[in-house]
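Me: I am new to this structure and would like a close look at a single part of it. Please take one contact as the starting place and then lead me outward from there.

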Amino acid sequence: MKHFCASSLISFCLISLLSGTVSAGDDLAAFQAQVAKRLKGDYQGYATPYTGIYSLSLPSEKESKTPIMADQELTMLANSFTEAWSYFKAGNPPVEAAKVHAIRQRAAAELHFESAIVFRQGNAPISIAVYSAVDCGYCRRLEAFLSNHKIAYAAFPGSLYRENFSLAKGVWCSEDRAKAWQAVMQHDVDLARVENCPAYPLADIRYTGALFSYGNTPGIIFADGDVIARLPVGKDEEAEFLAIVRDKIAKQIVFNIPE
């Protein structure tokens with residue numbers, strides 16, 4: 001697979017597989033204890049939608065940056081500047097690609113599609129989930145591409161910058177989310193912004209972006225945990241991308257999202 005062009009959100013994340021079989025509450029408590037023991041600063045530990053995956057955030061970074069993602073023992077690290085995974089210890093050796101894929105494969109089966117906007121194409125299967133942003137030009141081009149090629153997908157609607165979350169919230173609190181999202185992303189409509197939208201699933205969206213695409217947008221997620229954090233550019237790359245999508249569908253590697 002060639003490297004496609006993308007925009008990048010400055011962020012970093014820790015992530016790994018969870019070991020142990022204690023209850024979810026005990027897991028979170030153990031993770032918070034590790035945070036207090038091993039990290040300096042005012043970091044806090046939180047649960048995420050994904051089994052065995054936790055989050056670190058500074059109070060000052062609530063909406064402006066992608067959260068740090070971590071396992072219970074804080075064993076691995078991924079830095080979005082290089083999009084390379086490393087172990088969280090002296091020397092930072094690289095994490096094996098198979099381990100990273102195994103984490104994402106498990107999490108792909110747990111995606112919270114109630115926190116996404118689903119775009120169906122007749123009876124076509126939902127073959128792609130997209131971590132997207134209202135202020136990402138590459139995301140707008142990707143979604144137009146998916147629509148033009150009649151690819152059914154689900155979009156997790158985020159924002160790259162704090163000041164634009166109100167636009168994402170405006171979409172989410174619209175009477176017709178799908179219509180509002182397409183108006184913004186494909187037709188550049190200046191939709192009314194909403195500061196107060198309690199239903200907007202900010203945490204789910206931010207955690208999904210950090211887990212699958214280091215906070216970069218667009219992040220293209222497949223049901224088997226494969227990720228392309230890039231936009232296909234040019235006829236050759238577009239053809240290659242479409243071939244990947246069709247192969248996934250042929251192998252029934254799709255998301256089962258109830259209507």
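Reply: This is a predicted model, and a good place to begin is a contact of glutamate 237, where a polar atom of the side chain lies 2.9 Å from the backbone nitrogen of valine 233. Glutamate 237 has its place in helix H7, which covers residues 234-250. With a relative accessible area of 15%, glutamate 237 falls under the 20% cut-off and therefore counts as buried.

From here we can turn to the disulfide. The model has one disulfide, and it joins cysteine 173 to cysteine 197, with a distance of 2.0 Å from S to S. In general terms, a disulfide is a covalent bond between the sulfur atoms of two cysteines. The torsion about the S-S bond of cysteine 173 and cysteine 197 is about 105 degrees, so this disulfide is right-handed. Cysteine 173 lies in the loop between helix H4 (165-172) and helix H5 (177-187), while cysteine 197 lies in the loop between H5 and helix H6 (202-213), so the pair ties together parts that are 24 residues apart in sequence. Cysteine 173 counts as partly exposed, at 38% relative accessibility, whereas cysteine 197, at 6%, counts as buried. Two further cysteines, cysteine 136 and cysteine 139, are also buried, each with a value of 1%.

Helix H6, which follows the loop of cysteine 197, leads on to two packing arrangements. Helix H2 (residues 97-108) packs with H6 at an angle of about 145 degrees, their axes being 10 Å apart. On the side of H2 the contact is made by Ile103, Arg104, Ala107 and Ala108, and on the side of H6 by Leu211, Phe212 and Ser213. Sorted by character, the residues of this contact comprise five nonpolar, one polar and one charged.

The other arrangement involves an open sheet of three strands, in the order S2-S3-S4, with antiparallel pairing. Strand S2 (44-47) and strand S4 (68-70) are the edge strands, each of which pairs on one side only, and the twist averages 35 degrees from one strand to the next. Between S2 and strand S3 (residues 54-57), which run antiparallel, there are four bridges; in one place, alanine 47 has tyrosine 54 in S3 as its bridge partner. H6 packs on this sheet and touches S2, S3 and S4, its direction making about 70 degrees with that of S4.

Methods. Residues numbered from 1 in each chain as written. Predicted model: local features only at pLDDT ≥ 70, side-chain atom pairs only at ≥ 80, totals over all residues. Heavy atoms only, no water. Disulfide = S-S within 2.5 Å. Buried < 20%, exposed > 50% of the residue type's maximum accessible area, 1.4 Å probe, protein only. Axes fitted to C-alpha atoms, helices over the stretch in contact; angles between N-to-C directions. Contact = heavy atoms within 4.5 Å. Nonpolar A, V, L, I, M, F, W, Y, C, P; charged D, E, K, R; others polar. Polar contact = N/O pair within 3.5 Å; in protein donor to acceptor, adjacent residues only side chain to side chain. Pairing = 2+ DSSP bridges.
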